[in-house]
Amino acid sequence: MAKFLDTTGVSYYLQQLINNAHERLILISPYLKINERIKQSLEDKHRLKIDIRMIYGKNELQPEENNWLKSLSSVRTSFCKNLHAKCYLNEQEALITSMNLYEFSEVNNNEMGIHVTKQEDSQLYYDIYAEVQRLIRISDELQISVEKVASKEPVIEATSSAPVVETAAYCISCKVEIKRNPRAPYCLKCYREWAKTKNPAHAEKYCHTCGCEHAASLVKPVCYNCFKQLKTALDFPNATAIKS
């Protein structure tokens, strides 16, 4: 028969329910926010190729957590509008509770729950399972996207070890102001255009350091006067060292 659980019991049976999943695991919680212990358990089930479904109503994952979840191919996520239910289920048992996933290891809240097994109360288990399947059907299955944690500007490598002085300079193609770095003398937009051909000698219009009109290129991004003044201070590229 169904068993009533207090806060400690809910935490214990939720952990056991996840650990005992051998075929499927369904986690329904309004908030897609996962603590470390749940993460470790899901990673273990992923390694065992268990089918995992997560239904949620609001995503509060940070970019790093999104990327972590994206790496688990066994996990499918679905968005259910106006979801407030908290229900956790495997092929043998179910847990209906007031506890959200992110509150799993919390001790500040007072929670309650009901634990049901298919062996002892099959009709109640199948009633719960049927409602869970209905929620899955009305949910929109979504692919968690990988998010950038930190963006990096493209770098054109050179063999010289001279320091790069990051002060104001100009894109050699459009003259927009950028950081001074002869190894990367393009703004991002013009770099993308250059990357279509990746020709180090492609003719451009402006000196990278002073902005004057100059027959520049990736190999020769500055005018002669600027080169003479800055050749000991900046790391200038050469044709053989450039890598896109």
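Residues with a relative accessible area under 20% are taken as buried, those over 50% as exposed, and those in between as partly exposed. The structure described here is a predicted model. By these limits E193, with a relative accessible area of 48%, is partly exposed. Its salt-bridge partner is K196, and the N to O distance between the two side chains is 3.1 Å. K196 has a relative accessibility of 61% and is therefore exposed.

The structure contains three salt bridges. Besides the pair formed by K196 and E193, one joins R134 to E131, with the closest N and O atoms 2.8 Å apart. R134 and E131 both belong to helix α4 (residues 122-138), and because they are three residues apart, about one helical turn separates them. R134 is partly exposed at a relative accessible area of 35%, and E131 is partly exposed at 36%. Another salt bridge is formed by D51 and R76, whose closest N and O atoms lie 3.3 Å apart. This pair links distant parts of the chain, since D51 is in strand β4 (residues 51-56) and R76 is in strand β6 (residues 75-79), 25 residues away. D51 is partly exposed, with a relative accessibility of 32%, and R76 is partly exposed at 33%.

The largest nonpolar core comprises 25 residues, and L25, L42 and M54 have the most contacts inside it. At least two residues of this core come from each of α1, β2 (24-28), α2 (36-47), β4 and α3 (63-70). Helix α1 provides the largest share, with five residues. When residues up to four places away in sequence are not counted, L42 touches L25, L27, I34, I52, M54, W68 and L72. Another core, of 14 residues, lies apart from the largest one and includes L89, A94, V116 and Y125.

Y125 is also a contact of K118, together with E91, Q92 and Y126, leaving aside neighbours within four places in sequence. K118 is located in the loop between β9 and α4 and has a relative accessibility of 23%, so this residue counts as partly exposed. The C-alpha atom of K118 is 5.8 Å from that of E93, although the two residues are 25 positions apart along the chain.

On the surface, a nonpolar patch is formed by F4, I96, M112 and I114, which together have about 400 Å² of accessible area. Within this patch, M112 occupies the loop between β8 (93-97) and β9 (113-117). Its relative accessibility is 55%, so M112 counts as exposed.

Two threonines were examined for burial and contacts. T7 is placed in helix α1 (residues 7-19). Because its relative accessible area is 17%, T7 is classed as buried. Outside its neighbours within four places in sequence, T7 is in contact with M99, N109, N110 and E111. T209, in turn, lies in the loop between β13 (204-206) and β14 (213-216). T209 is buried as well, since its relative accessibility is 11%. With neighbours within four places in sequence left aside, the contacts of T209 are A169, Y170, R180, V222, C226, L230 and L234.

For the cysteines, the sulfur-sulfur cut-off for a disulfide is 2.5 Å. By this rule the number of disulfides is zero. C171 takes part in no disulfide, as the nearest cysteine sulfur, that of C174, is 3.7 Å away. The distance of 3.7 Å between the sulfurs of C171 and C174 is not within the 2.5 Å limit. C171 is buried, with a relative accessible area of 0%. C87 is likewise buried, at 8%.

Key: Residues numbered from 1 in each chain as written. Predicted model: local features only at pLDDT ≥ 70, side-chain atom pairs only at ≥ 80, totals over all residues. Heavy atoms only, no water. Helix = DSSP H or I, 4+ residues; strand = E, 2+ residues; numbered from the N terminus. Buried < 20%, exposed > 50% of the residue type's maximum accessible area, 1.4 Å probe, protein only. Contact = heavy atoms within 4.5 Å. Patch = residues over 30% accessible without salt bridge, like charges linked within 9 Å, V, L, I, M, F, W, Y side chains within 5 Å. Areas by Shrake-Rupley, 256 points an atom, 1.4 Å probe, with all protein chains shown as cover. Salt bridge = Lys/Arg side-chain N within 4 Å of Asp/Glu carboxyl O. Core = buried A, V, L, I, M, F, W, Y, C linked by side-chain atoms within 4.5 Å.
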